[in-house]
2 protein chains.
Amino acid sequence: MLDVCLLGTGGTVPLPNRWLTSCLLRCDGRSVLIDCGEGTQIALHRQSFSCRQIDTILLTHYHADHTAGLPGFLLTMAKSERTEPVTIIGPKGLEEILRGVMLIARYVPFEIRYMEIQSREQTFQIGNMRITAFAVKHSVPTYGYCIEVDRRPKFDPQKAQAAGIPLKLWSRLQKGETVTDENGNTYTPDMVLGKERKGIKMVYATDTRPVEYIAEHARGADLLIGEGMYGDPAKMENALKNRHMTMQECAAIAAKAGVRELWFTHYSPSMPDPEIYREEIQAVFANAVISHDGQTGTLKFQEE
Amino acid sequence: MLDVCLLGTGGTVPLPNRWLTSCLLRCDGRSVLIDCGEGTQIALHRQSFSCRQIDTILLTHYHADHTAGLPGFLLTMAKSERTEPVTIIGPKGLEEILRGVMLIARYVPFEIRYMEIQSREQTFQIGNMRITAFAVKHSVPTYGYCIEVDRRPKFDPQKAQAAGIPLKLWSRLQKGETVTDENGNTYTPDMVLGKERKGIKMVYATDTRPVEYIAEHARGADLLIGEGMYGDPAKMENALKNRHMTMQECAAIAAKAGVRELWFTHYSPSMPDPEIYREEIQAVFANAVISHDGQTGTLKFQEE
C-alpha cells in the first residue's frame with residue numbers, strides 16, 4: 001500500500017491559496033517527501049502530518065520553489081526532537097547547494113545523509129519502496145522519480161509439497177530466505193512461491209518537457225503525477241522557453257504510457273483555476289484528475 | 001508619515017494561522033521590509049502589497065525564521081519585472097550567507113546591494129528614513145533598528161523678513177539650500193526656519209534579551225515593536241537559555257523608554273493565544289498592543 005498526498009500543487013510562486021508543489025508518500029512505516037518549497041512545512045501541518053516522521057526527501061531539482069523550504073523544514077524536525085538521520089536524494093551539486101542553503105540553519109541535531117544521483121538513472125531502496133530517479137529535461141539538471149512497491153508472489157503449499165520440501169522450512173522460504181538443511185540440500189523461495197504478482201507503481205515528473213523517458217517509466221503505472229504548468233495551448237511558447245509542459249502534453253504521456261490515473265500538479269500562478277481545462281484534458285486522457293492541494297489517494301495491490 | 005504593517009508575528013516556526021515575524025515600513029515612496037522568513041512573500045500578498053515595491057530589506061540576524069523566505073521573495077520580485085536594485089542590510093557575514101542561500105535562486109535580474117553593518121551601531125539613510133542599526137543580545141549577532149523620519153522646521157516669514165532676505169530666495173532656503181547671491185551675501189536655511197520639530201521615531205527589536213540599548217534607542221518613540229516570545233513568566237528559563245524576551249520584560253522596556261505604544265511580535269509557537277496575557281502586560285505598560293498578523297498603523301507628525 002502506498003499513500004500519496006499532494007501537499008501543494010503550485011508552480012514558481014506560492015499563492016495564498018495554493019502551496020508550492022510537494023508530495024508526501026507513505027509506505028509501511030516510511031515517509032518520503034518529494035520537494036520542499038517555501039511553505040511546504042505549513043502545507044504538511046495543514047494536512048495533519050508532522051515533519052518529524054519524514055525520513056527521506058527526494059529533490060527533483062534545485063530551483064527555489066522546490067527547495068527553499070528545506071532549512072525551515074529541517075529546523076522544525078529538529079524542534080520536534082528528531083534524532084534519527086534524514087536522507088536527502090537529489091541531482092549533482094546536492095551537498096554544495098544544501099550546505100549553502102543551510103547556512104541559515106546550522107544547528108540540526110540529526111545526521112543529514114546526502115545521496116547525490118550519479119547518473120541519468122539510478123535506483124534507491126527506501127524501506128519497501130524501490131525508487132528510480134531518471135533524468136528529465138528542464139532548464140537545470142532535473143529528475144523524475146518512479147516509485148515501485150513489489151508484491152511477493154503468493155505461497156503455494158501444493159508446489160512446496162510436490163517438491164518435497166520439509167514443512168518446517170516453509171515459512172523461511174516463504175519470507176524469501178534460501179535455506180540449506182543438515183543434509184546439504186538447498187531450497188530456494190521459488191520452490192514454494194506462485195507466479196509473480198503486479199506491485200504498485202507511481203511516477204512523479206514535473207518541471208520538464210514531455211520527454212520519452214517519462215512514458216517509458218510510467219508504462220502501466222497506477223498513478224502518474226505530472227506537470228500542469230499551462231492549460232492554455234497558446235502558452236506553448238512559454239512551455240518551450242522555460243522547459244515546462246502543457247497539461248495537454250502531460251495527458252498525452254499518460255495516454256501513451258497507459259497509466260490508471262493522472263494527477264496534475266505545478267500549476268502556473270497565472271492559472272488561478274485549472275478546472276476550466278478539465279473537459280479538454282479528459283478528451284486526451286479520460287482518467288486525468290485536476291488535483292488541488294491535499295489531493296490524497298491510496299494505491300493498493302490489485303485484486304487478482 | 002510612516003506606515004507600519006506587521007506581516008507576521010510568529011517566532012521560530014510558521015503556523016497555518018501565523019506567519020513568521022516580518023514588518024513592512026512605507027515612507028514617502030520608499031518601502032522597507034524587516035526580515036523575510038518562510039512565507040513572508042505570501043503574508044505580504046495577503047495584505048495586498050507587492051514584492052515589487054520593496055527597495056530595502058533589513059535583516060535582524062541570519063536565523064532561518066528571519067531569512068529563509070529571501071530566495072523566493074527576490075525571485076518573485078524578479079518575476080514582477082523589477083529592474084531597480086534592492087539593498088539588503090544585515091549583520092556581519094551578509095554577503096557570504098546570502099550567496100549561500102541564493103544558490104537556489106541564481107537568476108535575479110536586478111542588482112542586489114549588500115550593506116553589511118560594520119559596528120555595534122551604524123546609521124543608514126533610506127529616502128526620508130534615518131535607520132540606525134544597533135547591536136542587541138541574541139545567540140548570534142543580531143541588530144535592532146531605530147527608524148526616524150525628521151520633520152523640517154516650519155517656514156517663518158516674519159523671521160525671513162526681519163533678516164532682510166530677498167523674497168526670491170525664500171523657497172530655496174525653505175527647502176534647505178544655502179544660497180549666495182550675486183553680491184556675495186550668503187543665506188542659510190536657519191534664517192527663514194522656525195524652531196526644531198519632533199519627527200517620527202519607531203524602534204524594532206526582537207530576538208534579544210532586554211538589553212539597555214533598546215530602551216535608550218526607543219526613548220520617546222512613537223512605537224516600539226518588541227519581542228513577545230513568552231507570555232508565561234515561568235518560561236524565563238527558556239528566555240535566558242535561548243536569548244529571547246518575555247512579554248513582561250518587553251513591556252518594562254516600553255515603560256522605561258516612555259514610548260507611545262508597544263506592539264508585540266515573534267510569539268512562540270507554544271503560545272497559540274497571546275491575548276490571555278493582555279491584562280498582566282497592560283499592568284506593566286498600559287499602551288501595549290497584543291498584535292496579530294496584519295496589525296497596521298500610521299505614525300504621523302504630531303499636531304503642535
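Which residues of H3(A) are buried? Let's start there, and then walk outwards to the rest of the complex. Please keep in mind throughout that this is a predicted model.

So, helix H3 of chain A, residues 70-79. The buried ones are A:Leu70, A:Pro71, A:Gly72, A:Phe73, A:Leu74, A:Leu75, A:Thr76 and A:Met77. That is eight of the helix's 10 residues, and H3(A) is mostly covered. What does the covering? The cover includes helix H1 (40-46), helix H2 (64-67), S5 and H4 of chain A, together with H2 of chain B. So part of the cover for this helix comes from the other chain, H2 of chain B being the contributor there. After H3(A) comes A:Glu81, which has a positive phi, near 65°.

That brings me to confidence, and then to how the chains meet. For the complex, the predictor gives an ipTM of 0.87 and a pTM of 0.90. Chain A has a mean pLDDT of 95, with 100% of its residues at 70 or more.

Now the contact itself. Chain B contributes 26 residues, and chain A contributes 26 residues. On the side of chain B that touches chain A, the elements giving two or more residues are helix H1 (40-46), helix H2 (64-67), helix H3 (70-79) and helix H4 (94-101) of chain B. Which of these gives the most? H3(B) does, with five residues. If you like to think in residue classes, this side of chain B has 14 nonpolar, nine polar and three charged residues.

How do the two copies relate? Chain B is superposed on chain A by a rotation of 180° with 0.0 Å of shift along the axis, and the RMSD is 0.1 Å. The two copies are therefore related as by a two-fold rotation axis. Both copies use the same surface, too: 100% of the contact residues of chain B recur in chain A.

Next, the sheets. In chain A there is an open sheet of seven strands with mixed pairing, in the order S6-S5-S4-S3-S2-S1-S16. Its edges are strand S6 (112-116) and strand S16 (296-299) of chain A; each has a single partner strand, so one side of each is left without a neighbour in the sheet. Neighbouring strands here are turned by 20° against each other on average, direction ignored. At the S16 edge, strand S1 (residues 2-8) of chain A runs antiparallel to S16(A), and four bridges join them. To find that spot on your screen, look for A:Leu2, which stands opposite A:Leu299 in S16(A). Towards the other edge, helix H4 (residues 94-101) of chain A lies across strand S5 (86-90) and S6 of chain A, at about 140° to S6(A).

Over in chain B, the open sheet of seven strands has mixed pairing and the order S6-S5-S4-S3-S2-S1-S16. One pair to look at is strand S2 (residues 22-27) and strand S3 (residues 30-34) of chain B, which are antiparallel over five bridges. B:Arg26 stands opposite B:Ser31 in S3(B).

Let me finish with another part of the chain, beginning with helix H9 (residues 247-257) of chain A. Is this helix mostly covered or mostly uncovered? Mostly covered: eight of its 11 residues are buried. They include A:Met247, A:Cys250 and A:Ile253, and also A:Gln248 and A:Glu249. The buried residues pack against helix H7 (212-218), strand S13 (223-227), strand S14 (261-265), helix H10 (278-284) and strand S15 (288-289) of chain A. Following H9(A) is A:Gly258, with a positive phi near 65°.

Let's look at strand S14 in the other chain. Four of the five residues of S14 (residues 261-265) of chain B are buried, so the strand is largely enclosed by the rest of the structure. What are its partners? Strand S13 (residues 223-227) of chain B runs parallel to S14(B), joined by five bridges. There, B:Ile225 stands opposite B:Trp263. S14(B) also pairs with strand S15 (residues 288-289) of chain B, in the parallel sense over two bridges. In that pairing, B:Leu262 has B:Ala288 as its bridge partner.

That's my tour. Thanks for listening!

Conventions
Residues are numbered from 1 along each chain as its sequence is written. Chains are lettered from A and ligands numbered from 1 in the order in which they are written. This is a predicted model: local features need pLDDT of at least 70, side-chain atom pairs count only at pLDDT 80 or more; totals for chains, interfaces and linings use all residues. Two residues are in contact if their C-beta atoms, placed from the backbone, lie within 7 Å. Ala, Val, Leu, Ile, Met, Phe, Trp, Tyr, Cys and Pro count as nonpolar, Asp, Glu, Lys and Arg as charged, and the others, Gly among them, as polar. Two strands pair if DSSP finds at least two bridges between them. pLDDT is the predictor's confidence in each residue, from 0 to 100. Copies are superposed by least squares on the C-alpha atoms of residues with pLDDT of at least 70 in both. A residue is buried if 20 or more other C-beta atoms lie within 10 Å of its own, exposed if 12 or fewer, and partly exposed in between; C-beta atoms are placed from the backbone. Axes are lines fitted to C-alpha atoms, for helices over the stretch in contact, and angles run from 0 to 180 degrees between N-to-C directions.
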